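What follows is a walk through one protein chain, meant for a reader who has not seen it before. Please keep the sequence and the structure in view while reading.

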Amino acid sequence: MTGRPGGRPARRPGAPRIALALAGGGPLGAIWEIGALCALAEALEGVELTRLDHYVGVSAGGFIAAGLANGIAPRAMCAAFIENRGDSEDVFDPAWLTVPAWGEYLHRAARLPWLAAVSAWRAGVRREPLLHALEPLAAALPAGVFCSDEIDRRLARVFARPGRSNDFRALAGRLTLVATDVDQGRAVAFGSPGWDHVPISRAVQATCALPGLFPPVEIDGRFFVDGALTKTLHASVALDAGVDLVLCLNPLVPFALPGTAAGGLPSLLGQAIRTMIHSRLALGMRHYARAYPETDIVLLEPEAGDAVLQQAHPFGYAQRRALAEHAYQRTRAWLRARSPQLAPQLARHGIGLRTEVLREPGRHLVAVPAPRRLGTALDRLRGVLDELDSTLQGA
């Protein structure tokens, strides 16, 4: 994609305005979104996912939105992020995200003598209870375990290549990356007027700064963390700007499956976070439907009964091929099952649904997980079950 000064694409008069909103979800969420986007890219006719009017990204979704806005197609993202093949500059290395935040550790450690003296004074002179006296020492704890600076550095190189840009204002389509200003507790939309001077790579780093995992990212003297702290999707950014169709992807849903309690504290916390995030999204979607009745909104997310995702580790990058393939196949199944309702909705915006592609047996995103004959039979069985489900829903 070639960037255009001024940052807006040339549009045909009367052409539908289409936006894409991507929620977060850590490495697992990014893997799921890439698999789903690959399925959408080959199933939707009349639209290119790298040539939309507006992209909105939050957390891991911001990483993908920035790539799409720079003309990096979903299949190319799959090659670089999932399969680790292609140009060495584009290939994603998870080691980027596991560099200890040494600077943060040293900064906090330097304050420890003073904080310890304050605690000793509160305990010895003021005779405060021990727990109260030790409170100042909490300021010596690092604000994040890993350093995220490599995200900024690596993406700056990726977006500096010909046909791409690290400048919001030079993109062909509009890109908005939402992060949370921790000092003010409010969302900031990087890419909007007043915040479009920030490099895209730096904005991605900010929206991906999950509290506790990464320290806040300083930009213009203010500190930013994950944009999902304020809203799950932030699709209203595109809706307020005026669009006709918004495609929304959310990889985090609570799982309606047994075994959550048996998984112990990590499983319970994960389910609690997914439930809170999704309930907030459900409220937001109802608000969007009321506030923007002229805009079609399509939400794509995993099923509550998806046992594969339930068992996957949130940061399980080693499972990326199997999980991307799973997301790809389940998205194809979702499109097949809902094609009677979805096709007319998309047609209003000049988009066709390639049902012949969706029904093609044996189509895969990455490595085939089963012997060819068995895999083809399973694909056909899935297609029959999806069509049956669609028929029952329409009855």
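In which loop is S59 found? S59 lies in the loop between β3 and α2, the latter covering residues 60–69. The model is a predicted one, and S59 is a convenient place to enter it. Although S59 is not a glycine, its phi is positive, at about 55 degrees. S59 counts as buried because its relative accessible area is 7%, and the cut-off for buried is under 20%.

Before going further, some totals for the chain are useful. The protein chain contains 13 helices and 10 strands. It has 395 residues, and 48% of them are buried. Its accessible surface is about 18,600 Å², with 60% of that belonging to carbon and sulfur atoms. Of the contacts between residues at least 6 apart in sequence, 76% join residues at least 24 apart.

The strand that leads into the loop of S59 is β3, which spans residues 54–58. How many of the residues of β3 are buried? The count is 5 of 5, and the strand is mostly covered. H54, V56 and V58 point one way from β3, while Y55 and G57 point the other way; residues on both sides are buried.

Strand β3 has pairing partners. Strand β1, residues 18–22, runs parallel to β3 and is joined to it by 4 bridges. In this pairing L20 stands opposite Y55. Strand β4, residues 174–181, also runs parallel to β3, with 5 bridges between them. Here the bridge partner of Y55 is L175.

From β4 the pairing continues to β7, in the antiparallel sense and over 3 bridges. T180 stands opposite V225 of β7 in this pair. Strand β7 is joined in turn to β6 by 3 bridges, and these two strands run antiparallel. I219 stands opposite R222 of β7. Between β6 (217–219) and β7 (222–226) is the loop that holds D220. The hairpin of β6 and β7 has 2 residues between its strands. D220 is not a glycine, yet it has a positive phi of about 55 degrees.

Two residues named in these pairings return in the nonpolar interior. The largest nonpolar core has 77 residues, and L20 and L175 are among those with the most contacts inside it, along with L177, F190, I200 and L249. Helix α1, residues 26–43, supplies the largest share of this core, 11 residues. A second, separate core has 17 residues and includes V56, L233, L281 and M285. As for L177, its contacts beyond four places in sequence include G57, G62, A65, F168, F190 and I200.

The second core also leads to helix α9, since L281 and M285 are listed among the buried residues of that helix. Helix α9 has 28 residues and reaches 41 Å from its first C-alpha to its last, close to the 40 Å expected at 1.5 Å a residue. Which residues of α9 are buried? They are G270, Q271, R274, I277, H278, L281, G284, M285 and Y288. An α-helix has 3.6 residues a turn, so residues three or four places apart point the same way. The cover over the buried residues of α9 includes α8 (236–241) and β9 (296–300).

Another residue of α9, which spans residues 264–291, is H287. Is H287 buried or partly exposed? H287 is partly exposed, because its relative accessible area is 39%, and that class lies between the 20% and 50% cut-offs. H287 and S236 are 51 residues apart in sequence, while their C-alpha atoms are 9.6 Å apart in space.

A last point concerns confidence. The average pLDDT of the protein chain is 86, and 86% of the residues score at least 70. Over residues 1–10 the pLDDT stays under 50, and the model has 34 contacts beyond four places in sequence for them. The pLDDT is also below 50 over residues 384–388, a stretch with 4 contacts in the model beyond near neighbours in sequence.

Conventions: Residues numbered from 1 in each chain as written. Predicted model: local features only at pLDDT ≥ 70, side-chain atom pairs only at ≥ 80, totals over all residues. Heavy atoms only, no water. Buried < 20%, exposed > 50% of the residue type's maximum accessible area, 1.4 Å probe, protein only. Contact = heavy atoms within 4.5 Å. Areas by Shrake-Rupley, 256 points an atom, 1.4 Å probe, with all protein chains shown as cover. Pairing = 2+ DSSP bridges. Expected span 1.5 Å × (residues − 1). Core = buried A, V, L, I, M, F, W, Y, C linked by side-chain atoms within 4.5 Å. pLDDT = per-residue confidence, 0-100.
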